[in-house]
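Here are a few exercises to work through with the structure open beside you. Try each task before you read its solution.

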Amino acid sequence: MKFFLYHVVMKLNIKNETSRLRSVVLGIANNNGPIPVPEACYDPKSRLHVLNGTYPKEADMIRELEEVAKVFEKYNVEVYRPKIIENYNQIFARDICFVIEDKIFLANILPDREREVDAIEHVWSQVEKSNRIRLPEDCHIEGGDVMLWNEYIFIGTYLGSDYANFITARTNMAAINALKTYFPHKKIKYFNLRKSNTDPYNNALHLDCCFQPVGKDKAIIHKNGFLDEEDYKWLLDFFGKKNVFEIDKQEMYDMNSNIFSIDENTVISEVNFIRLNNWLEELGFTVEKVNYAEIAKQEGLLRCTTLPLIRD
Ligand SMILES: NC(=O)NCCC[C@H](N)C(=O)O
């Protein structure tokens with residue numbers, strides 16, 4: 001008798017931010033490690049909370065992530081979690097890999113976060129080898145900077161010659177140029193983002209910290225996140241001013257642009273985003289509200305903690 005071992009192949013599919021979600025990786029806060037010293041923080045908001053003595057507690061962040069897991073369960077979304085690495089921050093699954101169409105890119109992430117990529121090997125190893133891609137080492141790129149919008153790929157970057165001085169600059173031109181070669185049929189539009197290592201009110205850590213499309217044709221935008229006014233104007237023009245919800249500095253800091261879409265009519269949002277949630281509900285969206293204010297202290301929110309693998 002012969003036995004055949006069938007290798008299960010995962011067929012990835014992501015073309016935009018809002019088509020019905022079927023499969024996702026959700027970050028994990030268990031064994032997240034001790035409170036870092038300020039110098040070990042790699043974003044200014046975490047640093048601020050360390051300095052103020054308000055750094056989030058592991059148990060609170062676990063509870064918040066479980067609220068999101070429950071929403072996914074309600075919508076029958078398949079959820080993967082990273083394997084736990086002891087004393088390591090694995091909350092922000094978004095940045096460690098990203099999917100474009102049927103390909104998964106293993107991000108060349110900040111060295112402080114490198115081990116996070118191996119912790120989801122059980123996910124990316126299910127993808128056919130030819131669709132698993134690692135760009136050359138000099139191509140810095142993180143998933144929070146990559147946003148798909150049908151024929152467009154929007155990418156956040158920092159173009160300054162002082163790029164190397166910013167631990168908050170995570171995606172460079174080398175990566176953008178490399179991506180172009182994989183997707184010649186797509187229009188790649190990149191945005192020069194404002195960076196600060198020390199002031200979270202003036203830092204767009206990733207593109208999803210100052211912008212995100214929702215629904216079919218709407219978008220959330222924070223003007224000051226863009227270093228070049230032309231980029232902000234381009235987005236206003238692209239979505240149409242009446243379709244754009246503009247957020248102020250405090251709302252950007254609270255991470256209002258970092259909600260997450262389950263489909264074109266349903267989003268997961270933070271319970272305290274009153275103005276945004278009202279706007280969405282008035283437009284007819286279903287808003288699934290969760291507590292995420294503790295996670296937000298590390299300069300990431302719902303989009304940052306999720307890595308979509310399959311949408312319709
Ligand atoms: N897409 C995102 O904006 N991710 C948030 C990452 C936060 C984390 N503290 C970092 O600095 O990498």
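**Exercise 1. The core**

Which residues of the largest nonpolar core touch the most other members? Bear in mind that you are looking at a predicted model.

*Solution.* Start with the set as a whole: the largest nonpolar core holds 74 residues. Next, pick out the members that touch the most others, namely Val-25, Cys-97, Leu-207, Cys-210, Val-267 and Ile-268. Then ask which strand gives the most to this core: that is β1 (residues 21–26), with 4 residues. Finally, take Ile-268 and list its contacts beyond four places in sequence: Val-68, Val-71, Ile-259, Phe-260, Ile-262, Glu-288, Val-290 and Leu-302.

**Exercise 2. The sheet with β1**

Find the order of the strands in the open sheet that contains β1, and say what packs on it.

*Solution.* First, read the order, which is β2-β1-β15 with mixed pairing. Second, look at the edges: β2 (78–80) and β15 (306–311) each pair on one side only. Neighbouring strands here are turned by 20° against each other on average, direction ignored. Third, follow one pair: β1 and β2 run parallel and share 3 bridges. Within that pair, Val-25 has Tyr-80 in β2 as its bridge partner. Last, add helix α2 (residues 58–74), which packs on the sheet and touches β1 and β2. The direction of α2 makes about 160° with that of β1.

**Exercise 3. A residue in a loop**

Is Ile-120 buried or exposed?

*Solution.* Locate Ile-120 in the loop between α3 (115–118) and α4 (121–124). Now count: 22 other C-beta atoms lie within 10 Å of Ile-120. The cut-off for a buried residue is 20 or more, so Ile-120 is buried. To see who surrounds it, skip neighbours within four places in sequence; Ile-120 is then in contact with Val-25, Pro-82, Ile-96 and Cys-97. Two of these contacts, Val-25 and Cys-97, are familiar from the core in Exercise 1.

**Exercise 4. A second sheet**

How many bridges join β7 to β8?

*Solution.* Begin with the open sheet of 3 strands, ordered β6-β7-β8 with mixed pairing. Its edge strands are β6 (146–149) and β8 (187–192). The twist from one strand to the next averages 20°. Now zoom in on β7 (residues 152–157): 6 bridges join it to β8, and the two run parallel. One example is Ile-153, whose bridge partner in β8 is Ile-188.

**Exercise 5. Around the ligand**

Which residues come nearest to the ligand?

*Solution.* Of the 15 residues around the ligand, the nearest are Asp-43, Gly-144, His-206, Gly-300 and Cys-304. Sorting the shell by character gives 5 nonpolar, 5 polar and 5 charged residues.

How values were computed:
Residues numbered from 1 in each chain as written. Predicted model: local features only at pLDDT ≥ 70, side-chain atom pairs only at ≥ 80, totals over all residues. Buried ≥ 20, exposed ≤ 12 C-beta atoms within 10 Å, placed from the backbone. Contact = placed C-beta atoms within 7 Å. Near = placed C-beta within 6 Å. Nonpolar A, V, L, I, M, F, W, Y, C, P; charged D, E, K, R; others polar. Pairing = 2+ DSSP bridges. Axes fitted to C-alpha atoms, helices over the stretch in contact; angles between N-to-C directions. Core = buried A, V, L, I, M, F, W, Y, C linked by C-beta atoms within 7 Å.
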